[in-house]
Structures are given as C-alpha cells and as structure tokens.
Amino acid sequence: MKNSVIIKSFPNGIVLHLNPELDFDELLFQIAMKFKESSGFFKDAKMALSIKGRKLTDEEENQVLEAISENSDITVICIVSRDEETDRQFVKAIAQTGEDSLGGEGQFYKGTLRNGQVLETEASIVILGDVYPGSAIISARDIIVLGGLYGEAYAGGNGSEGHYVAALEMSPERLKIGDFKYNTREKAKWSIRPKVQPKIAYVKNNKIVMDSLTKELLSEFPV
C-alpha cells in the first residue's frame, strides 16, 4: 500500500507515521524497506522516535526498533509518546550532554537493570533502558535514565556540586547526590505507568530538589 509508512524528521528525532489498517507483518516489512532506503541520509545518528497513526503493543514497538536497527545505523535512544515538546527538549539535552559533558569520560549502557544488579562507574552515564526496583546505578558524576528510574541512584560521588540525576519516569526507591539524600515519601509505583513527565533531581540550598524537566529549566540548568 502506497505511503503506508512515512518518515519525517525533527531536530534529534524521527516521526514515524504508520497506516492503522495494514497487516502488522506487512507494515514491519515496509518499515524495514523505508529505513534501508534512507540509511545513507540518517547515517549513524542517535535519535528519538515518535510513532503516529497506530497504537502498538510493547512487543510490536520492539519489533519496529529491531527493524530500524537491522536496516540502518540509527540508534534510537528513546520513544517519544505523550509530552513530545518536553521529550524533544530532553533528548536535545541528552545529545548535548553526550557530545560535550560526557566526552571521552562518559558512557552509555544499553539494557535494563533488574533486581540485584548494580552498575557502578566513575564517569557520567546514560542508561538506555529502565532501572528496576532492587537494582542500583552509581556514578561519580551524572546519571541520565532514558526510561524509568524505579530502583536506586547515587550520583556525584566526587561531590554534589553541579551533579544531577534525570529520568523520563522518576520514581526511585532511593536517590542520593553527593552527601545529600532525597526523601521519597512513598513506595515506588513502578508497575503503574504514569503520564510520562521527565524529571531532574539536583542539589539546591543544601538539599535535593526534584523538578519537572521543562524547556525553561533546561535553558537554566547547566547540562
């Protein structure tokens, strides 16, 4: 079917318009062909992905991501779904952090941290996945989770000044930046997916504050 898959780009991201009626296997084939044809245009970009026109299950989303990965050099760092403008700004900040702040000292981790797993690094780190309850991420610098932070996060091991923890979904069991602890008032409800609202935690006036990661905050916070 003609134009069953349409790719449009925006800064740091791609909008994928999908035909709502086409059989999914055929749609997946069309997606693979589209990205194979345009692989030279996007090259090895790191981008956010927004899917329009069709509601997909988690399994179908994974198959779409796999089709993109197998037929192009694009790295999809997250799927934008609800608050797109905020998410775009968040992805823009991540891209800037990856290029500038992380430099040769930062790293990316692709995957989900599950119960009992601990990931520790002296560098800033971007997690391309979720941090589940019972798991922990420890960084001497900054932590960015392109997914849900439901476990433990410890940032700024070399001092709290200027360090932060950011996540697309923020509901940590424990959170600490430098010598400061964040007091969570209720148990993490990670099994219930709330409306996506990226948040950032950082030290201000000798305590950890947690704010929604808005365009205005991004313009003020030194990511």
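Two strands count as paired if DSSP finds at least two bridges between them. That criterion underlies the strand part of this tour of a predicted model.

**First selection: E14 and E15.** Select residues 199-204, strand E14, together with residues 207-212, strand E15. The two strands run antiparallel and are joined by six bridges. Within this pair, Lys204 stands opposite Lys207 in E15. Next, display the turn: E14 and E15 form a hairpin with two residues between them. One residue to label there is Asn205, which has a positive phi of about 55 degrees.

**Second selection: E11.** Keep E14 visible and add residues 164-170, strand E11. Four bridges join E11 to E14, and these strands also run antiparallel. To locate the pairing, label Ala167, which stands opposite Lys199 in E14.

**Third selection: H1 and H3.** Turn now to helix H1, residues 24-37, and helix H3, residues 58-71. Their axes lie 8 Å apart, and the helices pack at an angle of about 30 degrees. Because angles under 35 degrees count as roughly parallel, H1 is roughly parallel to H3. The crossing of H1 past H3 is right-handed.

Which residues meet in this contact? On H1, show Phe24, Leu28, Ile31, Ala32, Phe35 and Lys36; on H3, show Glu60, Gln63, Val64, Ala67, Ile68 and Asn71. Coloured by class, the residues of the contact of H1 with H3 comprise eight nonpolar, two polar and two charged.

Conventions
Residues are numbered from 1 along each chain as its sequence is written. This is a predicted model: local features need pLDDT of at least 70, side-chain atom pairs count only at pLDDT 80 or more; totals for chains, interfaces and linings use all residues. Side-chain values use heavy atoms; hydrogens and water are left out. Axes are lines fitted to C-alpha atoms, for helices over the stretch in contact, and angles run from 0 to 180 degrees between N-to-C directions. Angles under 35 degrees count as roughly parallel, over 145 as roughly antiparallel, 65 to 115 as roughly perpendicular and the rest as oblique. A crossing is left-handed if the near helix is turned anticlockwise from the far one by less than a right angle, and right-handed if clockwise. Contact means heavy atoms within 4.5 Å. Ala, Val, Leu, Ile, Met, Phe, Trp, Tyr, Cys and Pro count as nonpolar, Asp, Glu, Lys and Arg as charged, and the others, Gly among them, as polar.
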